[in-house]
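Visitor: Could you walk me through this one? I'd like to know what the labels rest on.

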Amino acid sequence: MKILGFLLLINVTTFSFAKEKDAFEVDESYSSSSSTQKESLFDSVNLESIGVHATLDLTWEMIDDTKLSSIGFLGGLVSNSTTTLGLGYYSLATIYKPSGREMDISQLGLYTAYNPWSHKAFHPVFQLYVASGRISFPDDSDDFDSKNFISYTPSIHGELNLSSFLRVSLGLQYRIVEGLSKDAYPDLNQPLLSLRFSFGTD
């Protein structure tokens, strides 16, 4: 009888140990499969944090004692209400005839802006605009004297939130130009005064 009881105790102990071992292996297998789930590039992107901005930019500058104004259009995507990346186009809005011929100055490029305090009613905005530009003469059909250039324009603006989707800002820009001879073309390395109207949501 004692032997039978001893064998029964061994069987119960063995069964309990095997059951605990199986449970541990299942749990370990589940943990392993959970930790090895595939990751993808866009899983961490929260689309709700992406907004769209459109900006009308009016600028003024002095070139060879001539006051010039330009108009620009900027559009881009803003992430987390702080960082914007987009496209921008600028063209002269006034007639410019430095040597008796009408000259047009246009630029098309990329811009990035940083707005760390966009939730404040009034805040600074830092921007860099890198563009491919062109000087052209509309009166010349052969376009012989037209010239391409590269420009870099950092800027800082003081922006006021008029509403959740409308903002107005005043700022200073400085355009740095490469690829133009100062002897043959106007010096476009100039400071600019900028007035902007921005639309869109963060």
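Guide: Sure. A pocket here is an open set of grid points with protein on both sides within 12 Å along at least five of seven lines. Keep in mind that the model is predicted.

Visitor: How much space lies in the largest pocket?

Guide: The largest pocket holds about 310 Å³. Its lining has 23 residues, and the closest to the centre are His-53, Asn-115, Glu-159, Arg-167 and Ser-198.

Visitor: Which strand gives the most to the lining of the largest pocket?

Guide: That's β6, with 3 residues. Strands supplying at least two residues each include β1 (50-63), β4 (104-114), β7 (166-178) and β8 (190-201).

Visitor: What makes a lining residue count as nonpolar, polar or charged?

Guide: Residue type alone: Asp, Glu, Lys and Arg count as charged, for instance, while Gly goes with the polar ones. By that scheme the lining of the largest pocket has 14 polar, 5 nonpolar and 4 charged residues.

Visitor: Over to the loop between β2 and β3. Why is Ser-81 called partly exposed?

Guide: Its relative accessibility is 23%. Buried would need under 20% and exposed over 50%, so Ser-81 falls in between and counts as partly exposed.

Visitor: And what is the phi of Ser-81?

Guide: Near 65°, a positive value in a residue other than glycine. Ser-81 sits in the loop between β2 and β3. That loop, between β2 (66-79) and β3 (83-92), also holds Asn-80, whose phi is positive at about 55° although Asn-80 is not a glycine.

How values were computed:
Residues numbered from 1 in each chain as written. Predicted model: local features only at pLDDT ≥ 70, side-chain atom pairs only at ≥ 80, totals over all residues. Heavy atoms only, no water. Helix = DSSP H or I, 4+ residues; strand = E, 2+ residues; numbered from the N terminus. Buried < 20%, exposed > 50% of the residue type's maximum accessible area, 1.4 Å probe, protein only. 1 Å grid on protein atoms, 1.4 Å probe; cavity = no way out; pocket = protein on both sides within 12 Å on 5 of 7 lines; lining within 4 Å. Points joined across faces, edges and corners; volume = space filled by probe spheres on them.
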